Every structure is written in structure tokens, then in C-alpha cells.
Amino acid sequence: MTWWHAAIILVAGVWAGAINAVVGSGTLVTFPVLVALGYSPLTATTSNAIGLAPGAISGAIGYRKELTGYWPQLVKYAIASFFGAICGTILLLKLPKDAFEKIVPVLVGLAVVLVIVQPKVFGWVTKRREANGTEHRGGPLLLFLIFLIGIYGGYFTAAQGVMLVAVMGMLLSEPLQRLNGVKNALAAVVNVIAGTIYAFVAPISWPVVALLAVGSTIGGQLGAKIGRRLSPVVLRITIVVIGVAAVVQLVAKEF
């Protein structure tokens, strides 16, 4: 690894950690960077999961005030994420490598679409709450959806945060800042579980992991502190541009 490759990965890690703390989808920054630098999609995914885990934890800690008094519910959601992450990790390791490389452009494209439609989903959720004024507790349906998102996150981490906030926003009557804190905590659970398994049985680039871990930890704290001051529009535009570029690059490799 050259010094400038290392610098690019470190900066990407900081940016991804900040984006994950604020919006989610930081993988759409680091994944294309790693693929562009010559890493295989599988190695990029597994190294991402481990390297961004410290940043997810950092972002969750940064939102600890929003989680005050909410720990019993968070533990239930975390259990669903835990088992979902295990299932997703098993899928990644058991399915053929060629199958993963073919489906990655679709998953990245899905993540980009989710980032684009997120404001519309939030707007709909807000209007629905104002219209009926009732309390929503989620229940078994929410646990099941969090489990499914955990499977997706264990298989391919990009945009799991967007999915989590979307489903929780529709099924829970909680402030969006609290939901963002819950999202960070659940993403941390998925990344830690998947990363731990990958560390023993999957192809990993440990220099990449180290750089992403340092960068994402710094970025997670920065994102938690200044996230409320950043323009969500600018963040989404950046994510979408990078994500579209990744799809084009991955599809081009197939031809």
C-alpha cells in the first residue's frame, strides 16, 4: 500500500464515520474507494465491516444523551440486529463469490435509492404522526423488520442506517434525533458481529481495517457533534454521486 492510498483510505474513513453518525450510508464512500484502489468487492465489504465498526460505536456514544431512558427498548432491538447480522454474515460466506460480485451493483443501487427517498419517507412519517396524534410502540413487526435489516447489514452494510430510521420512523412515536441514536447503536451491533466473524473466516486487508478504524472513530465523534449543523441535502448529494459512480464502475467491470 502506497502512502497516498493510505491517506485516501484514512480520509474516506473519517468522512464515512461522520456520515454514518448523521445520515447513514458511509459505506457508499469507503466501498467505492476501496474498489477503485484495486480491492475485490468481497474484501472491500469485509474490511469495511470491521474498519467502520469503531466508528459506529463512536457515533452511538456521541448520541448517548438521546438514548437516556430508552435502554430497555434498545436492548430488544439490539437482540434482533444481533441475530440478523449472524444470518447475513453466513449468507455472505456461503454464497458463491461470483454471486456476491454480481449482486453488489444492485445492492449499491438500492442504497442510493434509499438515500434519495429518505426525506420523502420522513415527511410522510411526520404528517402521519400529526394527523392521528397517537403513540406507536412498534411491537413484533418492528422487531422482525430490524432482524431483516440486520441480515442485509451483515451481508452488505451500505444504507442499513437509512433502512433502520425509515422503519422506526414509521412504527415508533419517538423524536428523529432519538431514532438516529438508536440507528447508530444498532448499526454498531451489526458491524461488530459481522466484523468479528469476518476476522476469522473471510479475506481481510488489515492495513485497510486499521486506517478505516482510526478514521471512522474520529468521524463518528465529529458527526455526532456537528451533525445537526450540517446540511442533509449536501450529505445526500455527496452520497448519491459517489454511489452512482460505484455502480457504474462495478457494472463496467462485468464487461
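# Close-up views of a helical chain

**View 1. The covered helix α8.** Eleven residues are named as buried in α8: Q160, G161, V162, M163, L164, V165, A166, V167, M168, G169 and L171. As you explore this view, keep in mind that the model is predicted. Helix α8 covers residues 160-171, and 11 of its 12 residues are buried, leaving the helix mostly covered. From its first C-alpha to its last, α8 reaches 17 Å, close to the 16 Å expected at 1.5 Å a residue.

**View 2. The whole chain, for orientation.** Let us step back for a moment to see where the helices belong. The protein chain has 11 helices and zero strands, so its elements read α-α-α-α-α-α-α-α-α-α-α from the N terminus on. Of its 255 residues, 53% count as buried. Take the contacts between residues at least 6 apart in sequence: 85% of them join residues at least 24 apart.

**View 3. Helix α3, residue by residue.** Here is another mostly covered helix: α3 spans residues 41-51, and 11 of its 11 residues are buried. Reading along α3, you will meet P41, L42, T43, A44, T45, T46, S47, N48, A49, I50 and G51, each of them buried.

**View 4. Where α2 meets α3.** Two packed helices are described by the angle between their axes and the distance between the axes. Helix α2, made of residues 27-36, packs with α3 at an angle of about 140°, and their axes are 9 Å apart. That angle makes α2 oblique to α3. The crossing of α2 past α3 is right-handed. On the α2 side, look for T27, T30, F31, L34 and V35; their partners in α3 are P41, A44, T45 and N48. By type, the residues of this contact are five nonpolar, four polar and no charged.

**View 5. A closer look at L42.** This residue lies in helix α3. Is L42 buried or exposed? L42 is buried, because its relative accessible area is 15%, and buried means under 20%. Which residues does L42 touch, leaving aside its neighbours within four places in sequence? They are L92, K97, F100 and P203. A202 is also worth finding in this view: it sits 160 residues from L42 along the chain, yet the C-alpha atoms of L42 and A202 are separated by 8.6 Å.

Technical notes. Residues numbered from 1 in each chain as written. Predicted model: local features only at pLDDT ≥ 70, side-chain atom pairs only at ≥ 80, totals over all residues. Heavy atoms only, no water. Helix = DSSP H or I, 4+ residues; strand = E, 2+ residues; numbered from the N terminus. Expected span 1.5 Å × (residues − 1). Buried < 20%, exposed > 50% of the residue type's maximum accessible area, 1.4 Å probe, protein only. Axes fitted to C-alpha atoms, helices over the stretch in contact; angles between N-to-C directions. Parallel < 35°, antiparallel > 145°, perpendicular 65-115°, else oblique. Left-handed = near helix turned anticlockwise from the far one by under 90°. Contact = heavy atoms within 4.5 Å. Nonpolar A, V, L, I, M, F, W, Y, C, P; charged D, E, K, R; others polar.
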